[in-house]
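Let's take a walk through a protein chain together. Have the sequence and the 3D view ready, and find each spot as we get to it.

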Amino acid sequence: MGLALLLAVAASLPAHPAAADPAPPAPQPSATAVPQFMPPPADHSGVLAPDMTQAWPLSGAQRLVPGIRQMPPQPDTPDQALAPEVYRPSAAEDALEPVAPPPSSYAPVEYVPPADAARAPACTASTGPYQKQVERWLKLKADGRQSAADCRAIKAFQQKQGIRPAIGFAGPVTYARVRQLQALKDPESLCPKRPGRVACVDLKRQLMWVTKAGKRVFGPVPVRSGRAGYGTRTGWHKIYWRHKNHYSTLYEAPMPYSQFFNGGQAFHGIYGSVHRPPGSHGCVNMTFGDAKKLWAVLRSGDQVYVWGRKP
């Protein structure tokens with residue numbers, strides 16, 4: 001009687017569905033997966049300039065080896081103390097050149113007011129943020145106010161230098177070229193003269209060059225130093241580790257022709273404009289071509305002198 005009652009109750013209960021199979025684990029990145037550099041969001045706050053930051057695939061020896069913390073050794077620290085942390089590129093990797101971008105990646109594109117960019121005037125009536133400095137270089141009346149004559153002179157300068165759009169707007173790209181020309185004409189004396197090679201970094205003018213026994217042997221070239229909160233450290237340093245095909249696992253970005261001079265701060269090329277704000281995370285960025293030339297000039301142990309303050 002009791003057994004029959006239990007069987008009747010069990011028959012009246014709804015059937016419990018069988019437990020589903022566990023979900024398969026999410027696919028993991030392949031050990032040979034190629035990291036991609038995601039460009040930062042475009043800045044549309046008041047000026048218009050194309051996003052020139054591009055992603056470039058790396059392959060083979062041109063990326064970090066999975067599972068190895070490819071960190072530079074700290075300066076003035078014996079390699080033995082950091083042996084598990086230090087990545088030493090092989091001869092095969094050193095023989096492999098980083099992937100070069102198309103020359104158009106570094107076209108000097110000026111930041112211009114959105115209204116001017118939309119209608120593309122032959123000459124702008126807008127006063128640029130570096131109006132007075134550009135006027136002074138062009139030997140115009142340096143009053144900091146745009147005029148028709150000023151615009152024609154600035155436009156002619158931009159056309160000669162290949163800056164576009166050449167509409168006479170005295171923006172940051174135009175002024176960067178002025179600073180470079182000024183440095184070529186009037187060498188800066190703030191970089192001390194010392195025997196051997198010295199890489200000189202002028203944060204105020206965002207320029208760098210190399211001297212040997214006081215004589216300039218490289219540059220000056222435009223650079224992009226650290227943004228607010230990530231300032232490039234001033235003072236004397238030295239090149240203590242070089243990695244031609246370095247890839248930042250911290251910022252997920254390629255750093256071709258890296259030459260480290262203070263902790264994680266290094267000279268290296270970037271795949272985009274050196275004039276793009278707000279700045280680096282402390283490294284001294286330069287064009288791919290300039291970084292490649294600098295790689296052939298500097299050696300481990302060379303001195304680096306950084307001074308000034310980024311505007």
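**A walk along the chain**

Let's begin with Tyr251, which is partly exposed, with a relative accessible area of 37%. You'll find Tyr251 in the loop between β5 (241-248) and β6 (253-262). Together with Tyr230 and Leu250, Tyr251 forms a nonpolar patch on the surface, and the accessible area of the three adds up to about 330 Å².

Now zoom out. What you're looking at is a predicted model, so it's worth asking how confident the predictor was. The chain's mean pLDDT is 78, and 72% of the residues reach 70 or more. Residues 5-69 have a pLDDT below 50, although this stretch has 83 contacts in the model beyond near neighbours in sequence. Residues 77-84 also have a pLDDT below 50, and that stretch has 6 contacts of this kind.

As for the overall make-up, the chain has 7 helices and 9 strands. It runs to 311 residues, and 42% of them count as buried. The accessible surface comes to about 16700 Å², with 60% of that belonging to carbon and sulfur atoms. Look at contacts with a separation of 6 or more, and you'll see that 62% of them are between residues 24 or more positions apart.

Next stop: helix α6, residues 172-185. Does its length make sense? What span should its 14 residues have at 1.5 Å a residue? The expected value is 20 Å, and the end C-alpha atoms are 20 Å apart, so the two agree. Quite a few residues of α6 are buried, among them Val173, Tyr175, Val178, Arg179 and Leu181. And what do the buried residues of α6 pack against? Their partners are two helices, α4 (131-137) and α5 (148-161), plus two strands, β2 (207-212) and β3 (215-222).

Let's turn to the backbone, where a few spots deserve a second look. The peptide bond from Arg164 to Pro165 is cis, with omega near -5°, and Pro165 sits in the loop between α5 and α6. There's also a cis bond from Gly219 to Pro220, with omega near 5°; this time the proline, Pro220, belongs to strand β3.

Then there are two residues to check for their phi angle. Lys139 has a phi near 60°, a positive value in a residue other than glycine. Tyr257 has a phi near 60° too, and again that is a positive value in a residue other than glycine. Which of these settings is exposed and which is buried? Lys139, in the loop between α4 and α5, is exposed, with a relative accessible area of 73%. Tyr257, in strand β6, has a relative accessible area of 1%, and because anything under 20% counts as buried, Tyr257 is buried.

Our last stop is Leu203, found in the loop between β1 (197-202) and β2. Is this loop residue buried or exposed? With a relative accessible area of 5%, Leu203 is buried. Leaving out residues up to four places away in sequence, Leu203 touches a string of others, including Ser225, Thr232, Thr234, Val306, Trp307 and Pro311. Also find Arg224: it is 21 residues from Leu203 along the chain, and the C-alpha atoms of the two are separated by 8.6 Å.

Terms used: Residues are numbered from 1 along each chain as its sequence is written. This is a predicted model: local features need pLDDT of at least 70, side-chain atom pairs count only at pLDDT 80 or more; totals for chains, interfaces and linings use all residues. Side-chain values use heavy atoms; hydrogens and water are left out. Patches are made of residues with over 30% relative accessible area and no salt bridge: like charges are joined within 9 Å, nonpolar side chains (Val, Leu, Ile, Met, Phe, Trp, Tyr) within 5 Å. Accessible areas come from the Shrake-Rupley method with a 1.4 Å probe; for residues, only the protein chains shown count as cover. A salt bridge is a side-chain nitrogen of Lys or Arg within 4 Å of a carboxyl oxygen of Asp or Glu. Helices (H or I, at least four residues) and strands (E, at least two) are DSSP runs, numbered from the N terminus. Buried means under 20% relative accessible area, exposed over 50%, partly exposed in between (1.4 Å probe, protein chains only). The expected span of a helix is 1.5 Å times one less than its number of residues. Contact means heavy atoms within 4.5 Å. pLDDT is the predictor's confidence in each residue, from 0 to 100.
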